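This report looks at the surroundings of the bound ligands. The sequence and structure are shown first.

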Amino acid sequence: MSNEKYPWGTFGPWESVDSFTTSHLDARLKPSLSEGLAHAVKTSEEKGLPDIAVSRPQGKFLMLQARLQRVKNVVEVGTLGGYSSIWFAHASPDIRITTIEVNEHHAAVARENLKFAGVDDRVEVIVGSGVDVMAKLVDEVNAGKRDRFGLAFIDADKENNWNYFNHAANMSTPGACLIVDNVVRQGSLADAEFAKTNSRTAGSRLLVENVGKDDRADAVVMQTVGEKSYDGFLMAVVRDDILDYLKNKSV
Ligand code: DHB
Ligand code: MG
């Protein structure tokens with residue numbers, strides 16, 4: 001993600017801090033989780049997947065968010081090799097994850113990684129374009145065929161960030177948490193000129209602009225540093241009366 005104008009990823013003590021903290025704080029992880037994560041990292045690399053999964057502390061943060069809120073159903077866009085799904089699956093024994101991946105090879109690697117980690121019975125990998133699959137999930141939720149989601153993790157093509165957020169909000173439980181990865185983009189988020197020639201930054205700016213006008217959720221962007229350099233995520237909490245709000249909007 002580095003480029004000449006936004007090089008902040010090439011230096012800093014962030015990786016050492018990630019290593020130090022995880023070596024202590026993850027010392028008592030279940031062996032099946034540690035082994036599942038290590039296997040996912042190794043096979044994803046061997047099978048040619050890009051090295052863009054969340055970092056270990058980011059994965060654990062996602063799991064802890066899900067646990068904190070006692071989430072029953074997670075929707076994720078951008079499965080990649082299943083690394084973050086493995087983390088989510090360890091939030092609680094009965095949590096279920098629906099994860100969407102456009103690339104068939106990535107989905108096949110993810111299914112194998114999820115099976116090795118012993119969580120494949122609770123993680124549904126759907127292959128397809130995120131926007132199409134999410135629209136279908138919204139229809140299924142509205143038809144009562146699928147549970148609403150208590151947490152959404154959006155980590156796919158950045159150009160569609162707003163479309164994913166929009167669908168996720170429409171199939172959320174009251175108080176659901178919506179998290180969008182990689183919105184800060186080494187600071188380029190705040191650079192309107194840069195966004196004119198960078199569609200990913202433009203997609204992240206559009207997300208922030210639209211969420212700011214959206215009545216369905218309150219949101220914040222948290223900037224982060226770490227193994228994944230300087231970036232950050234948008235986190236939104238959906239209003240408690242979302243079901244009434246959506247009902248009134250559709251009439
Ligand atoms: C990219 C995508 C990601 O989701 C990420 O976390 C880092 C990089 C990318 O497409 O370059
Ligand atoms: Mg990401």
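## Shell around ligand 1

By class, the residues surrounding ligand 1 divide into four charged, one polar and one nonpolar. They are I52, D155, K158, D181, N182 and R200. The model is a predicted one.

## Contacts and cover

Two side chains and one backbone place polar atoms by oxygen atoms of ligand 1. For K158, a polar side-chain atom lies 2.9 Å from an oxygen atom of ligand 1. For D181, a polar side-chain atom lies 3.3 Å from an oxygen atom of the ligand. I52 takes part through its backbone: an N or O atom there is 3.3 Å from an oxygen atom of ligand 1.

On its own, ligand 1 has 290 Å² of accessible area, and the protein covers 81% of this. The site of ligand 1 is the largest pocket.

## Magnesium ion

Ligand 2 is a magnesium ion, coordinated by D155 through OD, D181 through OD and N182 through OD1. The coordinating distances run from 1.9 to 2.1 Å. Along the sequence, these donor residues follow the spacing D-x25-D-N.

D155, D181 and N182 also belong to the residues that surround ligand 1. Of the donors, D181 and N182 are both buried. D181 therefore appears in three roles here: metal donor, buried residue and polar contact of ligand 1.

Conventions: Residues numbered from 1 in each chain as written. Chains lettered and ligands numbered in written order. Predicted model: local features only at pLDDT ≥ 70, side-chain atom pairs only at ≥ 80, totals over all residues. Heavy atoms only, no water. Near = heavy atom within 4 Å. Polar contact = N/O pair within 3.5 Å; in protein donor to acceptor, adjacent residues only side chain to side chain. Areas by Shrake-Rupley, 256 points an atom, 1.4 Å probe, with all protein chains shown as cover. 1 Å grid on protein atoms, 1.4 Å probe; cavity = no way out; pocket = protein on both sides within 12 Å on 5 of 7 lines; lining within 4 Å. Sits in = over half its atoms within 2 Å of the grid points. Nonpolar A, V, L, I, M, F, W, Y, C, P; charged D, E, K, R; others polar. Donors = N, O, S within 2.8 Å, 3.2 Å for Na, K, Ca; no water. Buried < 20%, exposed > 50% of the residue type's maximum accessible area, 1.4 Å probe, protein only.
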